[in-house]
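The following exercises concern one protein structure, and each is followed by a worked solution. Please study the sequence and the model before attempting them.

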Amino acid sequence: MTFSKQTSLLHSKHKTDPANGAVSVPIQHASTFDQPDIDDFGRYDYARGGNPTREALEDIIADLENGTHGFAFASGMAAISTTVMLLSKGDHLVITDDVYGGTFRLTTKVLHRQGIDHTFVDMTDPQAVRAAIKPNTKMIYMETPSNPTMKVTPIKEIVAIAEEHNCLTALDNTFLTPVLQRPLDLGVDIVVHSATKFIGGHSDVVAGLVVVKDEELAAEIGFLQNCFGAILGPQDSWLIMRGLKTLHTRMTVSSNAAAILADWLKTRPEVKKVYYPGLPEHPGHDINEAQAEGAGAVLSFELENKEAVRSVVQAVELPVFAVSLGAVESILSYPPTMSHAAMDDEERAERGITDGLLRLSVGLENTDDLIADLTQAFEKIRAGEGVE
Ligand SMILES: *Cc1c(COP(=O)(O)O)cnc(C)c1O
């Protein structure tokens, strides 16, 4: 029988250990494995190339994304860096202009230096993507919904353009996770994740994942994973597997709360604008609804100015004010000095990242409590409290 993702998360093929029935994947610390003979190697030889705990996680994420091969890395950036190593000197990358700050830095500061050229495009506009393609374009890199203004890329349309031009597609699926969006089913070649966020879910591990379904591509990524060596350790692999067990439940509860909060934020006089793809007036609403099973648990909203932001950040009691998202506790962050600090003022302005913008990743708190907390914090803006 095949079961829903919700059920499969709990009943994967790694549900019990065949050795003794343990209902948790054992953490295998060995860095090397005893071999039967000089020309007869066992299933594992050296743990950079393969480790049973990491492999269990790699199997689980591959199944969840409807891929065939998963790869676990020491961070989301290690996963992304390894993926772009598929490119060679002289290649060109078309990449979404509101890509995650670390990916922006990698593209502009590192790839560029290695002779890999790039063009940033508004990935919501297929014509702009088509226009950016060059004869040497080898990869189109998407992130949807994007950070922090939650722009939605029409995945199938971009995949069709990539196919016409024979280039690979990669998609950062961190915000929606395979519970809500499965890009491989829409024709994307490579899915990348910061598993530090929703997949881990508890703000206690840094990790990255890659999933593909094509055998040849899997062999190339596996080769690069072993070459580059930025693998996820067994302890952290286990933590990610534990996080995955509740991923469906967490995404459901947090996304429902985010939708309620987005509606509520729209009613507040202190809020100039709300960015959430679940809102019918969001420009990407229909596309997101067609290609994903939900709008996720992250939203952004714009206050009057930086002073208003400072006042709210000082006054809120529930959300932690931190760099990150996708955890059991709500996380409030300030993109201009946090996720998008790698961009200069002009680059931020072009992307709508104003000084009044706050991003909220909704956790598992009671929604009424979050609303009450934000209400008292917003009231302090008007009172001018909290502003030094
Ligand atoms: C955090 C994040 C990354 C980077 O992942 P790390 O685990 O921090 O290295 C990449 N993409 C998105 C969308 C992220 O939010």
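**Exercise 1.** Against which helices and strands do the buried residues of H6 pack?

*Solution.* Begin with the conventions. The model is predicted: local features need pLDDT of at least 70, side-chain atom pairs count only at pLDDT 80 or more, and totals for chains, interfaces and linings use all residues. Residues are numbered from 1 along each chain as its sequence is written, and side-chain values use heavy atoms, with hydrogens and water left out. Helices (H or I, at least four residues) and strands (E, at least two) are DSSP runs, numbered from the N terminus.

Step 1. Identify the buried residues, where buried means under 20% relative accessible area, exposed over 50%, and partly exposed in between (1.4 Å probe, protein chains only). In helix H6 (residues 155–164) they are Ile155, Ile158, Val159, Ile161 and Ala162.

Step 2. Examine their directions. Viewed down the axis of H6, the buried residues fall within an arc of 160°, so they line one face of the helix. The arc is that of the directions from the helix axis to the C-beta atoms. A general rule helps here: an α-helix has 3.6 residues a turn, so residues three or four places apart point the same way.

Step 3. Find the partners, with contact taken as heavy atoms within 4.5 Å. The buried residues of H6 pack against helix H5 (126–132), strand S4 (137–143), strand S5 (168–172) and helix H11 (285–291).

Step 4. Turn to the opposite face. The exposed residues Lys156, Glu163 and Glu164 are carried on the face of H6 turned away from its buried side.

**Exercise 2.** Describe the backbone of the loop between S4 and H6, and then locate residues with a positive phi.

*Solution.* Step 1. Recall the usual case: most residues other than glycine have a negative phi, and most peptide bonds are trans.

Step 2. Examine the loop between S4 and H6, which contains Pro145 and Pro148. The peptide bond from Thr144 to Pro145 is cis, with omega near -10°. The bond from Asn147 to Pro148 is also cis, with omega near 0°.

Step 3. Look just after H6, where Asn166 takes a positive phi of about 60°.

Step 4. Consider Asn66, in the loop between helix H2 (52–64) and strand S1 (69–73). Its phi is near 55°, a positive value in a residue other than glycine. Asn66 is partly exposed, with a relative accessible area of 32%.

Step 5. Consider Ser203, in the loop between strand S6 (190–194) and strand S7 (208–212). Ser203 has a positive phi of about 55° although it is not a glycine, and its relative accessible area of 45% makes it partly exposed.

**Exercise 3.** How many of the residues of S7 are buried, and with which strands does S7 pair?

*Solution.* Step 1. Count the buried residues. Five of the five residues of S7 are buried, so the strand is largely enclosed by the rest of the structure.

Step 2. Sort them by direction. Gly208, Val210 and Val212 point one way from S7, while Leu209 and Val211 point the other way.

Step 3. Identify the pairing; two strands pair if DSSP finds at least two bridges between them. S1 and S7 pair in the antiparallel sense over five bridges, and Ala72 has Leu209 of S7 as its bridge partner. S6 and S7 likewise pair in the antiparallel sense over five bridges, and Val192 has Val210 of S7 as its bridge partner.

**Exercise 4.** In what order do the strands of the five-stranded open sheet lie, and which strands stand at the edges?

*Solution.* Step 1. State the order: S8-S9-S12-S11-S10, with mixed pairing.

Step 2. Locate the edges. Strand S8 (273–275) and strand S10 (320–321) each have a single partner strand, so one side of each is left without a neighbour in the sheet.

Step 3. Follow one edge inward. Three bridges join S8 to strand S9 (residues 298–302), and the two run antiparallel. Tyr275 stands opposite Ser300 in S9.

**Exercise 5.** Where does Ala19 lie, and is Ala19 buried or exposed?

*Solution.* Step 1. Ala19 is placed in the loop between helix H1 (5–8) and H2.

Step 2. Ala19 is exposed, with a relative accessible area of 68%.

Step 3. As an added distance, the C-alpha atoms of Ala19 and Pro319, 300 residues apart along the chain, are separated by 43 Å.
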